[in-house]
Amino acid sequence: MKKNPFREYFYFQKSDRRAIVAIGSIAVFAIGVQLVVDALKTKGTVETQAVLEDRELLGSSVEKSQLSVAFHVFDPNTVDSLTLVGFGIKAWKVKNFLHYRAAGKVFRSAKDLGDTYGWTEEDVHLLAPYVQVGEAYQQRKEMPRYEKKETRNSKSLSQTKKFQTLTLVDVNEADTTLLRRIPGVGEKISEAIVRYRQQLGGFHSVEQLREISIVSPELLEWFTVSSPSAVQKMNLNQASFQALNNHPYISYEQTKSLLQYIRLYGEVKDEATLLSIGIFTKEELERLRPYIAYE
C-alpha cells in the first residue's frame, strides 16, 4: 500500500496536538486583549476631545487652567470677567455687564443681573445661587431726612416687645425697631421695608409693600401712610444717570432713552411728552407719577 506523503508530513502525535491547541488559544486571547485595549484608547481620545471642545465654547480668551474659577460665590459689584465667562456666560453679555456696572449701576440682589442688556432669565437663574452682595452695596450710604427723624423718635421704643393688639404703624416714619414690634416682622422683613423705602423715596400707598417679596399680604393691615408728603420727588430733567437708574420703577434701558432724549431735544415738559416718545407706558407712568417732577 502506497504511503501518503502529506499525511506523513503533517502527522502529529496526540501530545503534540494538545500543545498546538494550547498555543493557538493563547494567541487568540492575546489578539482579543489587544483589540479591547485599542478600542478603549480610541474612546478615551474621543471623550477627551469632546471635553476640550465644550470648554472652548466658554470663550477662546480663557485658558483651560482658568476654568477652575467657575462656580464659586461672588459679588456682582466686584466680580471680574473671567469668573462670569467661567460660568458659561457669553463674552458679549459679559461685556454688556461690565459697561452697565461702569455706568454706575449697583447690584443689590441676583435679580438685578437681569437688568443687563441681553441677559436672560436663564442667565440669572444660573448665577443666582452663587451671588452674595457685599454689605457695602446692600443699601445706600445716604439716609433720607425722614429716616434720620424716625431714628431720633424711636429711641424710647422697646426693641423686643411685640404689639398685643392691632396697631397702625406709619410705613414712612417707622424705623426697624418699631417695625419689629409688629407680630410676624423680624429683622429681615424690617430691613427690607426700610431699604425699599429708601430706594423708592418713600411709600405713597400701603399696597406698595406687596412689591417686597418677603412681606406677606397679611401684614398690610398693620400699616398706614399718614405722611404722604414724605415721598421724595425726582426732577427728571436734572437727575443723574445713577439716581434715575437706582429707582425701582425705572429700568436701565428707560434711563438711557430718557437721558438721550433730553440731550437731543431738550427738557421733558410733562407726562404727555413721556407718553408720546414711548419711553414709558401709561401703566408705568401711573406708578411712577408720585415720584417724578419736571421742574
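**Exercise 1. Establish which residues of helix H10 are buried in this predicted model, and which helices they pack against.**

Step 1. In the predicted model, the buried residues of H10 are Tyr 252, Gln 254, Thr 255, Leu 258, Tyr 261 and Ile 262.

Step 2. To read the spacing of such a list, recall that an α-helix has 3.6 residues a turn, so residues three or four places apart point the same way.

Step 3. The partners of these buried residues are helix H4 (91-102), H9, helix H11 (271-277) and helix H12 (282-288).

**Exercise 2. Check whether the span of H10 agrees with its number of residues, and describe what comes just after the helix.**

Step 1. H10 has 14 residues, and at 1.5 Å a residue, counting one less than the number of residues, the expected span is 20 Å.

Step 2. The C-alpha atoms at the two ends of H10 are 20 Å apart, which agrees with that expectation.

Step 3. Just after H10 comes Gly 266, whose phi is positive, at about 100°.

**Exercise 3. Decide whether Ile 250 is buried or exposed, and place its surroundings.**

Step 1. Ile 250 belongs to the loop that runs between helix H9 (241-246) and helix H10 (252-265).

Step 2. Because its relative accessibility is 4%, and buried means under 20%, Ile 250 counts as buried.

Step 3. Once neighbours within four places in sequence are set aside, the contacts of Ile 250 are Met 234, Leu 244, Asn 245, Thr 255, Phe 280 and Leu 288; of these, Thr 255 is itself one of the buried residues of H10.

Step 4. Leu 288 is 38 residues away from Ile 250 in sequence, yet their C-alpha atoms are 8.2 Å apart in space.

**Exercise 4. Characterise the largest pocket by its volume, its lining and the helix that gives the most to that lining.**

Step 1. The volume of the largest pocket is about 1100 Å³, and among its 30 lining residues those closest to the centre are Ser 109, Lys 111, Asp 112, Tyr 196 and Gln 199.

Step 2. Helix H8 (187-200) and H9 each contribute at least two residues to the lining, and H8 gives the most, with six.

Step 3. By character, the lining comprises eleven nonpolar, nine polar and ten charged residues.

**Exercise 5. Identify where the model calls for caution.**

Step 1. The chain has a mean pLDDT of 78, with 74% of its residues at 70 or more.

Step 2. Over residues 50-70 the pLDDT stays under 50, and the model has 17 contacts beyond four places in sequence for them; residues 141-159 also have a pLDDT below 50, with 31 contacts beyond near neighbours in sequence.

Step 3. Where pLDDT is low, the predicted coordinates should not be read in detail.

Conventions: Residues numbered from 1 in each chain as written. Predicted model: local features only at pLDDT ≥ 70, side-chain atom pairs only at ≥ 80, totals over all residues. Heavy atoms only, no water. Helix = DSSP H or I, 4+ residues; strand = E, 2+ residues; numbered from the N terminus. Buried < 20%, exposed > 50% of the residue type's maximum accessible area, 1.4 Å probe, protein only. Contact = heavy atoms within 4.5 Å. 1 Å grid on protein atoms, 1.4 Å probe; cavity = no way out; pocket = protein on both sides within 12 Å on 5 of 7 lines; lining within 4 Å. Points joined across faces, edges and corners; volume = space filled by probe spheres on them. Nonpolar A, V, L, I, M, F, W, Y, C, P; charged D, E, K, R; others polar. pLDDT = per-residue confidence, 0-100.
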